[in-house]
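I opened this notebook to record what I looked up, starting from the enclosed spaces and ending with the backbone.

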Amino acid sequence: MFSKLVIASGNRGKLREISHLLSPLQIEIIPQSDLNVPECEEPYCTFIENALAKARHASKHTGLPALADDSGLCVDALHGAPGVLSARYAGKNLPNSLLTQDERNNDKLLLEMSKISERHAHFYCVMVLVRFENDPEPIIAEGSWQGIILREYRGTDGFGYDPLFLDGKTEKTVAELPLEIKSRISHRGHAMAKLLQKLGKLSHD
Ligand code: IMP
(Lines give C-alpha, C1' and ligand atoms only; values in the text may rest on other atoms or scores of the structure.)
Protein backbone atom coordinates (compact mmCIF):
# COMPACT_ATOMS: atom_id res chain seq x y z
CA MET A 1 0.00 0.00 0.00
CA PHE A 2 2.54 2.64 1.14
CA SER A 3 5.84 2.52 3.01
CA LYS A 4 5.95 6.03 4.53
CA LEU A 5 3.33 7.94 6.49
CA VAL A 6 3.55 11.53 7.71
CA ILE A 7 1.87 12.24 11.04
CA ALA A 8 0.17 15.63 10.82
CA SER A 9 0.76 16.71 14.41
CA GLY A 10 3.32 18.52 16.51
CA ASN A 11 1.83 17.30 19.79
CA ARG A 12 4.46 15.08 21.44
CA GLY A 13 1.91 13.18 23.51
CA LYS A 14 -0.14 12.32 20.46
CA LEU A 15 2.96 11.41 18.42
CA ARG A 16 4.11 9.00 21.12
CA GLU A 17 0.72 7.27 21.21
CA ILE A 18 0.26 7.16 17.43
CA SER A 19 3.77 5.73 16.93
CA HIS A 20 2.99 3.07 19.54
CA LEU A 21 -0.34 2.24 17.89
CA LEU A 22 1.26 1.93 14.45
CA SER A 23 4.33 0.02 15.63
CA PRO A 24 3.04 -3.42 14.42
CA LEU A 25 2.93 -2.11 10.82
CA GLN A 26 5.85 -2.13 8.42
CA ILE A 27 5.55 1.60 7.75
CA GLU A 28 8.05 4.40 8.33
CA ILE A 29 6.32 6.95 10.57
CA ILE A 30 7.54 10.53 10.05
CA PRO A 31 6.40 13.44 12.28
CA GLN A 32 5.58 16.42 10.06
CA SER A 33 8.09 18.59 11.91
CA ASP A 34 10.92 16.37 10.57
CA LEU A 35 9.91 17.52 7.08
CA ASN A 36 9.50 21.18 8.04
CA VAL A 37 5.75 21.23 7.49
CA PRO A 38 4.43 24.56 8.81
CA GLU A 39 1.68 24.60 11.44
CA CYS A 40 -1.79 24.15 9.89
CA GLU A 41 -4.71 26.46 10.68
CA GLU A 42 -7.60 24.74 12.49
CA PRO A 43 -10.42 27.21 11.91
CA TYR A 44 -13.38 24.83 11.87
CA CYS A 45 -15.97 24.06 14.53
CA THR A 46 -15.95 20.29 13.98
CA PHE A 47 -13.20 17.76 14.64
CA ILE A 48 -13.64 16.10 11.25
CA GLU A 49 -13.15 19.31 9.28
CA ASN A 50 -9.99 20.17 11.23
CA ALA A 51 -8.63 16.64 10.82
CA LEU A 52 -9.19 16.72 7.06
CA ALA A 53 -7.52 20.13 6.81
CA LYS A 54 -4.46 18.91 8.75
CA ALA A 55 -4.08 15.68 6.77
CA ARG A 56 -4.37 17.47 3.41
CA HIS A 57 -1.95 20.19 4.53
CA ALA A 58 0.72 17.66 5.56
CA SER A 59 0.31 15.67 2.36
CA LYS A 60 0.49 18.83 0.23
CA HIS A 61 3.76 19.90 1.84
CA THR A 62 5.44 16.48 1.74
CA GLY A 63 3.98 14.69 -1.27
CA LEU A 64 3.43 11.71 1.06
CA PRO A 65 0.36 9.99 2.54
CA ALA A 66 -0.59 11.71 5.78
CA LEU A 67 -2.49 10.82 8.94
CA ALA A 68 -4.14 13.47 11.11
CA ASP A 69 -5.72 13.08 14.53
CA ASP A 70 -8.09 15.78 15.71
CA SER A 71 -9.23 15.16 19.23
CA GLY A 72 -10.39 16.82 22.40
CA LEU A 73 -12.27 16.68 25.65
CA CYS A 74 -16.05 17.28 25.66
CA VAL A 75 -17.66 17.98 29.04
CA ASP A 76 -21.42 17.38 29.27
CA ALA A 77 -22.12 20.20 31.74
CA LEU A 78 -20.15 22.65 29.56
CA HIS A 79 -22.18 21.77 26.44
CA GLY A 80 -19.23 19.94 24.87
CA ALA A 81 -16.49 22.46 25.74
CA PRO A 82 -13.52 22.64 25.51
CA GLY A 83 -14.18 20.48 22.39
CA VAL A 84 -12.31 21.53 19.27
CA LEU A 85 -10.62 24.25 21.34
CA SER A 86 -9.14 21.72 23.82
CA ALA A 87 -5.51 22.42 22.87
CA ARG A 88 -5.86 26.19 23.50
CA TYR A 89 -8.75 26.32 25.99
CA ALA A 90 -6.94 28.82 28.22
CA GLY A 91 -5.70 30.86 25.24
CA LYS A 92 -2.36 30.38 23.53
CA ASN A 93 0.58 30.15 25.92
CA LEU A 94 3.01 33.07 26.07
CA PRO A 95 6.67 32.09 25.59
CA ASN A 96 7.63 33.23 29.13
CA SER A 97 4.71 31.56 30.92
CA LEU A 98 5.71 29.66 34.09
CA LEU A 99 3.04 27.04 33.44
CA THR A 100 2.76 24.72 30.45
CA GLN A 101 -0.16 25.04 28.03
CA ASP A 102 -1.61 21.78 29.41
CA GLU A 103 -1.39 23.05 33.02
CA ARG A 104 -3.15 26.29 32.10
CA ASN A 105 -5.90 24.41 30.25
CA ASN A 106 -6.39 22.04 33.19
CA ASP A 107 -6.47 24.89 35.70
CA LYS A 108 -9.10 26.68 33.62
CA LEU A 109 -11.20 23.51 33.45
CA LEU A 110 -11.01 23.06 37.23
CA LEU A 111 -12.08 26.66 37.73
CA GLU A 112 -14.97 26.49 35.22
CA MET A 113 -16.23 23.33 36.92
CA SER A 114 -15.60 24.33 40.53
CA LYS A 115 -19.32 24.75 41.25
CA ILE A 116 -20.55 21.96 38.96
CA SER A 117 -21.40 18.57 40.43
CA GLU A 118 -22.32 16.85 37.12
CA ARG A 119 -18.82 15.74 36.02
CA HIS A 120 -19.40 13.38 33.05
CA ALA A 121 -17.20 13.92 30.01
CA HIS A 122 -15.71 12.07 27.06
CA PHE A 123 -12.62 12.25 24.95
CA TYR A 124 -13.26 12.17 21.21
CA CYS A 125 -10.83 11.44 18.39
CA VAL A 126 -11.23 11.40 14.64
CA MET A 127 -8.44 10.12 12.43
CA VAL A 128 -8.14 10.93 8.76
CA LEU A 129 -5.70 9.33 6.36
CA VAL A 130 -5.21 10.79 2.89
CA ARG A 131 -3.02 9.07 0.31
CA PHE A 132 -2.42 12.41 -1.48
CA GLU A 133 -3.51 16.02 -0.97
CA ASN A 134 -6.84 15.91 -2.79
CA ASP A 135 -7.64 12.28 -2.11
CA PRO A 136 -11.40 12.05 -2.81
CA GLU A 137 -11.68 8.98 -0.56
CA PRO A 138 -9.98 9.78 2.73
CA ILE A 139 -10.05 6.97 5.26
CA ILE A 140 -11.90 8.19 8.35
CA ALA A 141 -12.37 6.58 11.76
CA GLU A 142 -13.51 7.86 15.13
CA GLY A 143 -13.42 6.80 18.75
CA SER A 144 -14.56 8.05 22.12
CA TRP A 145 -13.91 7.38 25.81
CA GLN A 146 -16.31 8.10 28.66
CA GLY A 147 -15.11 9.32 32.07
CA ILE A 148 -15.45 11.75 34.94
CA ILE A 149 -13.63 15.04 35.54
CA LEU A 150 -11.95 15.05 38.95
CA ARG A 151 -11.56 18.07 41.25
CA GLU A 152 -7.76 17.73 41.49
CA TYR A 153 -4.80 16.38 39.50
CA ARG A 154 -3.90 12.67 39.84
CA GLY A 155 -0.95 10.96 38.12
CA THR A 156 2.01 12.17 36.12
CA ASP A 157 1.97 10.25 32.82
CA GLY A 158 0.41 11.24 29.50
CA PHE A 159 -0.50 14.73 28.33
CA GLY A 160 -3.33 17.23 28.05
CA TYR A 161 -6.28 16.58 30.36
CA ASP A 162 -5.03 13.10 31.38
CA PRO A 163 -4.50 13.97 35.10
CA LEU A 164 -8.13 15.16 35.48
CA PHE A 165 -9.93 12.42 33.50
CA LEU A 166 -11.00 9.39 35.53
CA ASP A 167 -11.68 6.21 33.59
CA GLY A 168 -14.79 4.59 35.12
CA LYS A 169 -13.66 0.98 34.49
CA THR A 170 -10.13 1.10 35.93
CA GLU A 171 -10.93 3.83 38.50
CA LYS A 172 -7.64 5.46 37.47
CA THR A 173 -6.95 8.75 35.79
CA VAL A 174 -5.41 8.50 32.34
CA ALA A 175 -2.22 9.96 33.81
CA GLU A 176 -2.04 6.86 36.07
CA LEU A 177 -2.39 4.38 33.19
CA PRO A 178 0.59 2.88 31.35
CA LEU A 179 0.76 3.66 27.61
CA GLU A 180 -0.09 0.03 26.72
CA ILE A 181 -3.39 0.20 28.60
CA LYS A 182 -4.33 3.72 27.46
CA SER A 183 -3.69 2.64 23.86
CA ARG A 184 -6.15 -0.25 24.23
CA ILE A 185 -9.06 1.66 25.77
CA SER A 186 -8.68 5.27 24.67
CA HIS A 187 -10.55 7.31 22.06
CA ARG A 188 -7.32 7.29 20.01
CA GLY A 189 -6.86 3.54 20.40
CA HIS A 190 -10.45 2.88 19.26
CA ALA A 191 -10.15 5.24 16.28
CA MET A 192 -6.86 3.67 15.21
CA ALA A 193 -8.21 0.12 15.49
CA LYS A 194 -11.07 1.05 13.16
CA LEU A 195 -8.74 2.88 10.78
CA LEU A 196 -6.41 -0.12 10.54
CA GLN A 197 -9.37 -2.41 9.92
CA LYS A 198 -10.49 -0.19 7.03
CA LEU A 199 -6.95 -0.07 5.64
CA GLY A 200 -6.69 -3.86 5.87
CA LYS A 201 -9.98 -4.26 3.99
CA LEU A 202 -8.81 -1.86 1.28
CA SER A 203 -5.60 -3.79 0.69
CA HIS A 204 -7.66 -6.99 0.19
CA ASP A 205 -10.25 -5.43 -2.18
P1 IMP B 1 -5.72 19.04 18.51
O2 IMP B 1 -4.24 18.90 18.40
O3 IMP B 1 -6.28 20.28 17.95
O4 IMP B 1 -6.42 17.79 18.02
O5 IMP B 1 -6.06 19.15 20.09
C6 IMP B 1 -5.90 18.06 20.91
C7 IMP B 1 -6.04 18.50 22.36
O8 IMP B 1 -7.09 17.75 22.97
C9 IMP B 1 -4.78 18.18 23.16
O10 IMP B 1 -3.87 19.26 23.14
C11 IMP B 1 -5.35 17.92 24.55
O12 IMP B 1 -5.59 19.15 25.20
C13 IMP B 1 -6.70 17.28 24.23
N14 IMP B 1 -6.54 15.81 24.13
C15 IMP B 1 -6.74 15.04 23.02
N16 IMP B 1 -6.47 13.76 23.29
C17 IMP B 1 -6.08 13.71 24.57
C18 IMP B 1 -5.65 12.63 25.40
O19 IMP B 1 -5.52 11.47 25.01
N20 IMP B 1 -5.35 12.98 26.68
C21 IMP B 1 -5.46 14.25 27.15
N22 IMP B 1 -5.83 15.28 26.40
C23 IMP B 1 -6.15 15.02 25.12
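I began with the classes of residue in the lining of the largest cavity, which divides into 3 nonpolar, 1 polar and 5 charged residues. In this count Ala, Val, Leu, Ile, Met, Phe, Trp, Tyr, Cys and Pro are nonpolar, Asp, Glu, Lys and Arg are charged, and the others, Gly among them, are polar.

I noted the ground rules next: this is a predicted model, in which local features need pLDDT of at least 70 and side-chain atom pairs count only at pLDDT 80 or more, while totals for chains, interfaces and linings use all residues. Residues are numbered from 1 along each chain as its sequence is written, and side-chain values use heavy atoms, with hydrogens and water left out.

**The cavity**

I found that the structure holds 1 cavity of 30 Å³ or more, and I wrote down a volume of about 50 Å³ for the largest cavity. On a 1 Å grid over the protein atoms alone, a cavity is a set of points where a 1.4 Å probe fits but cannot get out, whereas a pocket is an open set with protein on both sides within 12 Å along at least five of seven lines; lining residues have an atom within 4 Å of a point. Grid points are joined across faces, edges and corners, and a volume is the space filled by probe spheres set on the points.

I listed the lining of the largest cavity as Arg16, Glu17, Asp157, Gly158, Asp162, Val174, Leu177, Leu179 and Lys182. At least two of these lining residues come from helix 1 (12-22), and at least two from helix 4 (179-185). Helices (H or I, at least four residues) and strands (E, at least two) are DSSP runs, numbered from the N terminus.

**The pocket**

I then turned to the largest pocket, which holds about 1,000 Å³ of space and is lined by 32 residues, with Asn11, Lys14, Glu39, Glu42 and Ala87 nearest its centre. By class I recorded 8 nonpolar, 12 polar and 12 charged residues in this lining. Strand 3 gives the largest share of the pocket lining, 4 residues.

**The ligand**

Where does the ligand sit? I found that the space it takes is the largest pocket, where sitting in a pocket requires more than half of a molecule's atoms to lie within 2 Å of its grid points. Of the 18 residues around the ligand, those that come nearest are Lys14, Glu42, Asp162, Lys182 and Arg188, a residue being near if one of its heavy atoms lies within 4 Å. I sorted this shell into 4 nonpolar, 6 polar and 8 charged residues, and strand 3 supplies its largest share, 4 residues.

I looked up polar side-chain atoms beside the ligand and found one of Lys54 at 3.5 Å from a ligand oxygen atom. An N or O atom in the side chain of Glu42 is 3.0 Å from an oxygen atom of the ligand, and one in the side chain of Arg188 is 2.9 Å from a ligand nitrogen atom.

**The backbone**

I closed with the loop between strand 3 and helix 3, which contains Pro82 and also His79. A cis peptide bond joins Ala81 and Pro82, with omega about -5 degrees, and His79, although not a glycine, has a positive phi of about 55 degrees.

Conventions
Polar contact = N/O pair within 3.5 Å; in protein donor to acceptor, adjacent residues only side chain to side chain.
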